[in-house]
Every structure is written in structure tokens, then in C-alpha cells.
Amino acid sequence: MTVQDIRSFNRFYTNVIGALDYGRRLYAPYTLTESRVLYELAHAHRTDAADLRAQLHLDAGYLTRILNKFEQDGLVERGPSDTDPRRRRITLTAPGREAAALLDERARETVGAMLDTVRAEDRPRLAEAMRTVRTILGDGDGDGDGDRGAPRPEDVVLREPAPGDLGWIVQRNAVLYAAEYGFDADYEALVARVVADYGEDHDPRLERTWIAELDGRPVGCVMCVRDDTPGAARLRLLLVEPDARGLGIGDRLVGALVDFARETGYREVVLWTNDILGAARRIYQRHGFVLVAEKPHHSFGQDLTGQDWRLDLHATPE
């Protein structure tokens, strides 16, 4: 490979980006950089300004001007950081989330239109080629050998479901619970019903699904849905892929759900799980959930002990 090869590819890819209309209708009325800031804020539930500046490699003064504009337009709120009082925490408001969602929808539609021109049999090759470029040129350990190194917690983003993600939730739950706990097809059927009910009839103001994404692929999920008990939200289908565990993804997913439930005005969050899911139960305990009932049952081909957990969102943290 020569320098000219890379320059030729860059010219080609620049034309592809131009065809996607970046910087014109796609991001209006925001600049590309402003849109990147909105994207980061939408996918990291709470972000300190210093972290945002480092993630986007922005000049401090430039970022401050963008955030000032967003605050004046009612898109963000600023307050003291949860971890360092010298820092400023940036949080999207409801109008800010709507603006970010609109930009994301436009981007998905535009890229989807481009993918429609790619033959179905060529799409796996295209995806693999893009992963190869990212892996080789995204060398994370600095030694130039193309080894990207172990993934870091900051490499994971939380986002809303894209087309196909609801199906992924069903498939991965079925595969992982069969492999790790011996669950049978009854569990897959249960998950499919939960996901179908959500997909067919959910209120985005009161219900939400988060997908954890790492290197362009989903590695975790959780759902927040309305419970039959008035004022209660229900946590469902928390899952983290085995090769992505240890990055705090489960904690982030549950934290995002709890924050959403609190901001939405729910009184409590409830969930049902089984005692064999030790890692998940430890996450729930760290976020303040309390075990309120348990009962033996035979389900999914196994003898299990079901557990009901509850988080009082109005309780004063200890």
C-alpha cells in the first residue's frame, strides 16, 4: 500500500460522505460539530464538560460557546458534577433529547437509503471491510501492530434501538440463557411476547429501551415499561454479552433506566428475576433495589426461585 492508495480512498469516501448530504439538510439547523455534541450527550446519559471536550477533541472555548448556545435554546442544563464539584455536568433537556432524536432519525434514514443500493449478499462483506479498517487504523495501544487492545468502558455507548435490535434482544436472550442456565424454548417465547408488546404499543414518554453498543455492535440491553401498579415502572430483560462483561455495562444500563424513571415521575421501579442470576442481583442492590418477596417455581425447564425487587424512587439515599 502507498500513500497514493490512501489518498485515493479518501477522495472516494469523501464523495460518499457528500452523497449522504452531511452538513446540509442532515444536520440543519446545527453545524456538524454541534450535532456531534448533541449525539454524545444523548448517548452518555450524563457527561461532564471536561469529558465531553476530551471525547470530541474540542477547544475548551469552542465547546463553551456551543454549550452556551444550547443552554439559551433550552437544549441542555448545566450543574455541578456528581464526582467532582470543580467540574460541570451537562444534561440534555426534553427538547434537547427531541433535537438529538431528530438528527439521529435523519442520519439513519440517509444511511439506510444508501444501504438500499447495496445488494444483500454484499452487505456482510461491506460490514467486515469497515470493521477491518477501524481495527487496523484505530490502533489503541500505540505500538502500530494493529492490535486495538482491550475495550474500555468509555468505548461503550448507550442508544435507542435501531431496526433489528428488538429481534436481537429476543435472539440473544434465548441463546445466552440456554447456554448459561439451561433455559428451554419457553423462555424465548416469554421474551418474544415482552418485546412484541413493547414494539406494538409503547409510550415513548413513559417507556424506553436502551441498547449498549461497542465497536458498532449491540452488547447489552434493558427495557423500562409501565407496570400494572399505578406509578410504577418495570425493569425488564437486562442482558450483557459475555465478551463485554466487566466494563460496567449492566450498571450503566440500570442507572440510565433509574434516572429515566425518576425524571419521568414514576414513584418506584419493580422487577422480577431469579435467584440464580447473581451478577444481575448485585447490580440491582448497588442501585438501591430491595428484595420484597421470593417464591419457588418451575419454569423454562428448570426449578427456580423467583424474586420480586423494588426501588423506592422517593426514598432518601443512605
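Here is a walk through a predicted model of a protein chain, going from the overall picture to a few particular spots.

Let's start with the whole chain. Its secondary structure adds up to ten helices and ten strands. Of its 318 residues, 38% count as buried. The chain exposes about 18,200 Å², and carbon and sulfur atoms supply 52% of that area. How much of the contacting happens between residues 24 or more positions apart? Among contacts with a separation of 6 or more, such pairs account for 60%.

Now pick out helix α5, residues 94-115. With 22 residues at 1.5 Å a residue, α5 should span 32 Å, and its end C-alpha atoms are 31 Å apart, which agrees. Look for G96, A99, A100, L103, R106 and T110, which are buried in this helix. If you look down the axis of α5, these buried residues fall within an arc of 120°, so they line one face of the helix. And what do they pack against? The buried residues of α5 have α2 (32-43) and β3 (88-92) as their packing partners.

Helix α8, at residues 185-200, tells a similar kind of story. It has 16 residues and reaches 22 Å from its first C-alpha to its last, close to the 22 Å expected. Its buried residues are Y187, V191, V194, V195 and Y198. Seen down the axis of α8, they fall within an arc of 90°, so this helix also has its buried residues lined up on one face. Covering them are elements that include α7 (165-181), β5, β6 and β7. Turn to the face pointing away from that buried side, and you'll find the exposed residues A185, R193, D197 and E200. Check the N-terminal end of α8 too: D184 caps it, with a side-chain oxygen 2.9 Å from the backbone nitrogen of D186.

Strand β5 was one of the elements covering α8, so let's step over to it because its residue E213 deserves a look. Strand β5 runs over residues 208-214, and E213 sits in it. Is E213 buried or exposed? With a relative accessible area of 18%, E213 is buried, because the cut-off for that label is under 20%. The side chain of E213 is joined to the side chain of R159 by a polar contact of 2.6 Å. Leaving aside neighbours within four places in sequence, E213 is in contact with D155, V156, V157, R159, P218 and V219.

Move on to D215, and you're in the loop between β5 and β6. D215 counts as partly exposed, at 31% relative accessibility. There's something to notice in its backbone: phi of D215 is near 55°, a positive value in a residue other than glycine. Why point that out? Most residues other than glycine have a negative phi. F300 has a positive phi as well, near 60°. You can find F300 in the loop between β9 (290-299) and β10 (302-312). This residue is buried, with a relative accessible area of 10%.

Next comes the loop between β6 (217-226) and β7 (232-240), where D227 lies. D227 is buried, with a relative accessible area of 18%. Its side chain reaches the backbone nitrogen of T229 at 3.0 Å. Not counting residues up to four places away in sequence, D227 touches A232, A233, R234 and V270.

T229 turns up again among the contacts of R267. R267 is found in the loop between α9 (249-264) and β8 (268-274), and at 34% relative accessibility it counts as partly exposed. Its contacts beyond four places in sequence are T229, P230, G231, L311, D312, L313 and H314. Take D312 from that list: it is 45 residues away from R267 along the chain, yet their C-alpha atoms are separated by 6.6 Å. R267 also has a polar contact closer to home in the sequence, where its side chain meets the side chain of E268 at 3.5 Å.

Finally, a word on cysteines. C221 is buried, with a relative accessible area of 1%, and C224 is buried too, at 0%. A disulfide is a covalent bond between the sulfur atoms of two cysteines. How many disulfides does the model contain? The count comes to zero.

Notes. Residues are numbered from 1 along each chain as its sequence is written. This is a predicted model: local features need pLDDT of at least 70, side-chain atom pairs count only at pLDDT 80 or more; totals for chains, interfaces and linings use all residues. Side-chain values use heavy atoms; hydrogens and water are left out. Helices (H or I, at least four residues) and strands (E, at least two) are DSSP runs, numbered from the N terminus. Buried means under 20% relative accessible area, exposed over 50%, partly exposed in between (1.4 Å probe, protein chains only). Contact means heavy atoms within 4.5 Å. A polar contact is a pair of N or O atoms within 3.5 Å; within protein, one must be able to donate a hydrogen and the other to accept it, and residues adjacent in sequence count only if both atoms are side-chain atoms. A disulfide is a pair of cysteine sulfur atoms within 2.5 Å. The expected span of a helix is 1.5 Å times one less than its number of residues. The arc is that of the directions from the helix axis to the C-beta atoms. Accessible areas come from the Shrake-Rupley method with a 1.4 Å probe; for residues, only the protein chains shown count as cover.
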